[in-house]
There are 6 protein chains.
Amino acid sequence: MPIVRVEIARGVASVEQKKAVIRRMTEVLVEELGRDPDYVFVLIDEVDTDNWGRKGRSLTDLWGEREG
Amino acid sequence: MPIVRVEIARGVASVEQKKAVIRRMTEVLVEELGRDPDYVFVLIDEVDTDNWGRKGRSLTDLWGEREG
Amino acid sequence: MPIVRVEIARGVASVEQKKAVIRRMTEVLVEELGRDPDYVFVLIDEVDTDNWGRKGRSLTDLWGEREG
Amino acid sequence: MPIVRVEIARGVASVEQKKAVIRRMTEVLVEELGRDPDYVFVLIDEVDTDNWGRKGRSLTDLWGEREG
Amino acid sequence: MPIVRVEIARGVASVEQKKAVIRRMTEVLVEELGRDPDYVFVLIDEVDTDNWGRKGRSLTDLWGEREG
Amino acid sequence: MPIVRVEIARGVASVEQKKAVIRRMTEVLVEELGRDPDYVFVLIDEVDTDNWGRKGRSLTDLWGEREG
């Protein structure tokens, strides 16, 4: 029954990495809470770095500066 | 005042079907809870099948196998 | 597979009304999008009126004034 | 620590306006609740007007009529 | 039309502070994006510190240590 | 930067189990996506079984029947 929602910045995860995240997060809920994997949903939301802010600035700006 | 958020896999609903979902979900809240439709928001979030997991696997893989 | 999340102000729905909302919202997705009801999740989130704002004011204040 | 999620219709905000929203929402939480900006996340979710309904109709239809 | 959702740890905001957050967040969207305040929803979700984790530990533990 | 939100039915997890879920979910994102644990948030939302529906019925009814 659990629903897991993972929000990450777009571009930080490949398709293979997302599969690993889905697999391992399901395992956590099966092993720790005894849930039925058939009803464990894991949803990944990839957010543009223009649309994610920290310290009052977008990740586009923060990460751009860091790589600058 | 109610907010309804519907998450579906991308590709399972046409524009017309989404209109029907918006219309009927609004009706449910107006008829069952007496809410003012002017302030009933219905948001539909379409999630890529790479980004939706069940049984520890992505829908891309699960549905691909089923159609395989 | 769909997940429906309904946010309403705390106090506007009885247990019976919430059952009707769960039943009818599931019907909408089964009838309009052909989804399997076994995997349709409907979650209701009841929000305190201190914690819900519209027009820059809490519902506690807005509704209090209306009934005043 | 706070997380702010802003849902807006796609197309109503430019990149510069989104930066202003991120900056000012962070300021609100720093000034009103004394939170550390380093851990204030602001996420903006832009929703297609086909996928946002009010009064039982999509914004595409409502706004199309208004401009018609 | 915008919906703002603010998640904060339970206990960090008084009723008055929440009113200020609702007011000012509405102002940001009215002033920066020209939205109609009548349709700006601001929802505050207060999360128990047992249910909020950072660095792999709950805030109850992290903050308990800091005050220890 | 990632935010993980875990929705579970109220009552299925003890405080210790929630700590394990927070710890292990953080590890998944650190190990699979190389994220900095300092900025990985894990939020657990415990939903009343009256407020969670599957197959058009509340978990209170479904689980009550199962244990009946």
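Trainee: Which side chain does the side chain of Arg24(C) make a polar contact with?

Mentor: A good place to begin! The partner is the side chain of Glu31(B), at 2.8 Å. Keep in mind that this model is predicted.

Trainee: Which residues does Arg24(C) touch, leaving aside those up to four places away in sequence?

Mentor: Arg24(C) touches Val28(B), Glu31(B) and Glu32(B).

Trainee: Where along chain C should I look for Arg24(C)?

Mentor: Find helix α1 of chain C, residues 15-33; Arg24(C) sits in that helix.

Trainee: Is Arg24(C) buried or exposed?

Mentor: The general idea is a cut-off: a residue is called buried when its relative accessible area is under 20%. Arg24(C) has a value of 18%, so it counts as buried.

Trainee: Now the chains. What rotation superposes chain C on chain A?

Mentor: A turn of 180 degrees, with 0.0 Å of shift along the axis, places chain C on chain A with an RMSD of 0.0 Å. This is how a two-fold axis relates two copies. The same surface serves both, as 100% of the contact residues of chain C recur in chain A.

Trainee: Which residue of chain C comes closest to the rotation axis?

Mentor: That is Tyr39(C), whose C-alpha lies 3.7 Å from the axis.

Trainee: Which residues of chain A does UniProt list for a domain?

Mentor: An unreviewed UniProt entry lists residues 2-61 of chain A as "domain: 4-oxalocrotonate tautomerase-like". In the model, that span is 37% helix and 32% strand, and its end C-alpha atoms are 35 Å apart.

Conventions
Residues are numbered from 1 along each chain as its sequence is written. Chains are lettered from A and ligands numbered from 1 in the order in which they are written. This is a predicted model: local features need pLDDT of at least 70, side-chain atom pairs count only at pLDDT 80 or more; totals for chains, interfaces and linings use all residues. Side-chain values use heavy atoms; hydrogens and water are left out. Copies are superposed by least squares on the C-alpha atoms of residues with pLDDT of at least 70 in both. Contact means heavy atoms within 4.5 Å. UniProt positions are given in the numbering used here, feature names are shortened, and annotations may be inferred rather than shown by experiment. Helices (H or I, at least four residues) and strands (E, at least two) are DSSP runs, numbered from the N terminus. Buried means under 20% relative accessible area, exposed over 50%, partly exposed in between (1.4 Å probe, protein chains only). A polar contact is a pair of N or O atoms within 3.5 Å; within protein, one must be able to donate a hydrogen and the other to accept it, and residues adjacent in sequence count only if both atoms are side-chain atoms.
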